[in-house]
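Please follow this explanation with the structure open beside the text, moving from a loop to the core and then to a pair of helices.

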Amino acid sequence: MKQILEFIPLLVFFIVYKLLGIREAAIALIIATVIQLVVLKVKYGKIEKQQLIMGSAVVFFGALSAYFNELAFLKWKVTVIYALFALALIISQVMFNKPLIQQLLGKEIQLPDAVWYKLNMGWACFFLLCMVINIIISQYFSDDIWVDFKTFGIIGLSLIATVATGVYIYRYLPQTDNKEQQ
């Protein structure tokens with residue numbers, strides 16, 4: 001349910017951009033994001049730090065995009081957010097020797113430390129890759145192609161990264177014996 005809620009503002013942005021243009025799309029994105037955060041707070045009782053950071057960035061960069069009627073500010077938002085995520089993952093591991101991925105998921109999944117370190121750096125590399133791809137597409141392709149990429153390409157890349165993570169950690173998860181369940 002949370003993933004669907006997180007996708008709705010992006011989908012609203014995409015539709016409004018295609019129909020009306022950047023200013024209206026940026027305003028719609030801001031409104032949809034604020035509504036999303038309110039729904040998350042009401043439904044789950046809290047807003048996670050990542051969601052709050054993303055929401056704040058959307059409001060800030062979206063407002064700039066709406067005011068100047070310029071998509072560049074939202075393009076920068078994507079680059080800045082991915083750089084911050086990668087930096088947070090790298091710093092957590094290199095400077096504090098505590099992979100951020102483990103801090104976020106360690107209560108739900110038990111994995112060897114070496115696996116947490118590899119996952120952490122893998123996701124840092126993923127965010128850096130998304131940042132570089134975003135820069136290339138935003139600088140060398142049309143705004144329409146960038147909007148399509150941001151709406152669907154990043155989601156596709158994230159899905160691939162999530163599946164790859166699942167495949168990688170599967171062998172480290174506790175296996176249940178079917179005979180014991182019967």
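N97 lies in the loop between α4 and α5 (100-105), where helices are DSSP runs of H or I with at least four residues, numbered from the N terminus. The phi of N97 is near 55°, a positive value in a residue other than glycine. Most residues other than glycine have a negative phi. The model is a predicted one, in which local features need pLDDT of at least 70 and side-chain atom pairs count only at pLDDT 80 or more, while totals for chains, interfaces and linings use all residues. Residues are numbered from 1 along each chain as its sequence is written, and side-chain values use heavy atoms, with hydrogens and water left out.

In the loop between α3 and α4 sits N69, whose phi is likewise positive, near 55°.

Turning to the interior, the largest nonpolar core (buried Ala, Val, Leu, Ile, Met, Phe, Trp, Tyr and Cys residues joined through side-chain atoms within 4.5 Å, buried being under 20% relative accessible area with a 1.4 Å probe, protein chains only) has 40 residues, and F13, L71, L74 and F127 have the most contacts inside it. The largest share of this core, ten residues, is contributed by α6. Leaving aside neighbours within four places in sequence, F13 is in contact (heavy atoms within 4.5 Å) with residues including I22, L29, L71, L74 and V147.

Finally, the axes of α6 (residues 113-140) and α7 (residues 143-170), lines fitted to C-alpha atoms over the stretch in contact, with angles from 0 to 180 degrees between N-to-C directions, come within 11 Å and cross at roughly 165°. That makes α6 roughly antiparallel to α7, a term for angles over 145 degrees.

How values were computed: Helix = DSSP H or I, 4+ residues; strand = E, 2+ residues; numbered from the N terminus. Parallel < 35°, antiparallel > 145°, perpendicular 65-115°, else oblique. Buried < 20%, exposed > 50% of the residue type's maximum accessible area, 1.4 Å probe, protein only.
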